[in-house]
Amino acid sequence: DVDQFTEVSDRNSGEKIRTIRSRGNEPQYPRRHLLNLYNKVEIDSSGRNIVLNLDYFKDTNPYNEKNYEGVSIDLESEERKFFKSINQYSRDVTNNSATLDVEYPLEWVDLDFGGKVSNLKSDNDISFFNSGFKDEPVFDNQLENTEFDYRENINSLYISANRSFGENWSAQLGLRLEDTKVDASSEGSDINRNNAYTNLFPTFYLSYKATENSVFSLNYSRRIERPSFFDLNPNLYFQNPFQAYSGNPYLQPAYIDNLEFSNVYKGLVTKVYFSYENNIFGEVPLPNINTNTTLYTVQNYIDRSRIGLSENYSFDPVDWWKSNLSLNLNYSRSSFDLESANNREGFNSFLSANNDFELNAEKTILGGVNYWYSLPGVDGIFKTKARSSFDVSLQFLLLNKNLNVTLRGSDLFRDALQQRTTNINGVRQELNSYFDTRQFWLILTYKFGNQDIKTRENKGGNQEERNRS
């Protein structure tokens, strides 16, 4: 159980006018099952191979409940209002996919081609209740029930060609064709989505080796970003009497075009890039000034162009100290398909420093000190404040380096708090979110058996679908 205490103040006078006390909990029982069959066949000795991945995963949460109840007290009249909310749902996401990749080098060009078939279904049972403010404690929990079913089929083919020109030049061309079919429906509502779309995704890469220490490259890519299944789920749940969240089953994928020019000179990597993001989806808080409530949902409403510069430098100040410094600076301009939001533009910048230390001659005591800092900027309809994080680690390699004992602390000063502001429907909103990134870890790892045996980890062919779940 989590106890929450909220104070409500008059914005003009600053005087406290109401207190809200609530208690809530969120029991979950997630289960995930993964199965991968990997098979590689060598066609001949020239490097021609066929790789087959058959993948299955099942992500279930048979019982998930978000609920809270509490009392709101007017400090002047001492009038009490009671409230209660219950949200229960179960989820079952299943995916089957098959991926075939062929490596087929020829005398004048290296070819890679293949395809993928993916079938996914997501079944959700939803029950919810929200009382609003009542004069008496709430005991009648009349749940409303609904179901949401989502089906997605993706078939894709790809081919890429890679060739070197002399000792200094190399180029790569690629093309991927995707055909997608989506069917979404909800019992007890008017949700009925049935659509299909086909897209082409080209890639291009050109590299020039100017010297032994300097390489220039130019590349272009177009990719697709699909919403998570959580964002697609219309499940409505209340976080408190004033805030509710619901996904959007009509979300469409976003498309991102990226052009990048880079130079690698010894330990310094410099990149200049331009990207255009079309139909980006993001969170939208929609306030209702008549009820003083806000519905958080997800919509396709952002078109964004971005130009930027990034620098990454790796070096060893001394033999026992390895350091990596990075900087990313970009200017973005976003337009919104929202009547209540103005277009927004501005700078974003990110700095980080990662340091690894060997603290003894035997290299059995290792340390790490990492820090990142994000300056104030813009993110869609939001203005963002500065954030940072300071992390440390200490590692001991014992028993002939078979036993690894690691102590790790992240966001020690709790500075990764996300602070955003926006103005929707004439209502200024300030959102402060902290996702418990301050953590402390004790990790023990022991190696058994023959240390000379080499192992290979295969990620499988359904990594994207697993990430979306």
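This is a short group-meeting talk about one chain, its core, one hairpin and a few individual residues.

Hi everyone, thanks for coming. Before anything else, please keep in mind that we are looking at a predicted model.

Let me start with the whole chain. There are 469 residues, and 37% of them are buried. By secondary structure we have 25 strands and two helices. If you draw a box around the C-alpha atoms along the principal axes, you get roughly 85 × 55 × 50 Å. Among contacts with a separation of 6 or more, 59% link residues that sit 24 or more positions apart.

On to the surface and the charges. The chain exposes about 27,800 Å², with carbon and sulfur atoms supplying 52% of that area. For those of you thinking about electrostatics, I count 64 negative side chains and 50 positive ones, and the centres of these two sets are 3 Å apart.

Now, the core. Which residues touch the most other members of the largest nonpolar core? They are Phe148, Tyr150, Phe229, Tyr301, Phe336, Leu338 and Ile381, out of 31 residues in that core. Several elements give two or more residues to this core, including strands E5 (80–105), E6 (110–130), E7 (144–165) and E8 (169–187), along with helix H1 (229–232). Strands E13 (254–265), E14 (268–288) and E15 (293–318) are on that list too. E15 provides the largest share, with four residues.

Phe229 gives me a nice link to Asn219. These two are 10 residues apart in sequence, yet their C-alpha atoms are 31 Å apart in space. Asn219 itself belongs to strand E10, residues 214–225. Is Asn219 buried or exposed? Its relative accessibility is 17%, so Asn219 counts as buried, the cut-off being under 20%. Leaving aside residues up to four places away in sequence, Asn219 touches Phe204, Tyr205, Asn258, Leu259 and Glu260.

For contrast, let's look at another asparagine, Asn342. You will find Asn342 in the loop between strand E16 (321–336) and strand E17 (344–358). Asn342 counts as exposed because its relative accessibility is 65%, and the cut-off for that is over 50%. Asn342 and Asn279 are 63 residues apart along the chain, with 16 Å between their C-alpha atoms.

Next, some backbone angles. As a reminder, most residues other than glycine have a negative phi. With that in mind, have a look at the loop between strand E22 (403–410) and E23, where Asp411 is found. Asp411 has a positive phi, near 50 degrees. With a relative accessible area of 2%, Asp411 is buried. The loop between E22 and E23 also holds Arg414, whose phi is positive as well, near 55 degrees. Arg414 is at 40% relative accessibility, so Arg414 counts as partly exposed.

Following the chain onward, we come to a hairpin. Strand E23 (residues 418–424) and strand E24 (residues 427–433) run antiparallel, joined by seven bridges. What stands opposite Thr422 in E24? That would be Gln429. Two residues lie between the strands of this hairpin, and Asn425 takes a positive phi near 55 degrees there.

That's my tour. If you have the structure open, Asn219 in E10 and Asn342 in its loop between E16 and E17 are the pair I would put on screen together. Thanks, and I'm happy to take questions!

Methods. Residues are numbered from 1 along each chain as its sequence is written. This is a predicted model: local features need pLDDT of at least 70, side-chain atom pairs count only at pLDDT 80 or more; totals for chains, interfaces and linings use all residues. Side-chain values use heavy atoms; hydrogens and water are left out. A nonpolar core is a set of buried Ala, Val, Leu, Ile, Met, Phe, Trp, Tyr and Cys residues joined through side-chain atoms within 4.5 Å. Buried means under 20% relative accessible area, exposed over 50%, partly exposed in between (1.4 Å probe, protein chains only). Contact means heavy atoms within 4.5 Å. Accessible areas come from the Shrake-Rupley method with a 1.4 Å probe; for residues, only the protein chains shown count as cover. Lys and Arg count as positive and Asp and Glu as negative; His and the chain ends are not counted. The place of a charge is taken as NZ of Lys, CZ of Arg, CG of Asp or CD of Glu. Two strands pair if DSSP finds at least two bridges between them.
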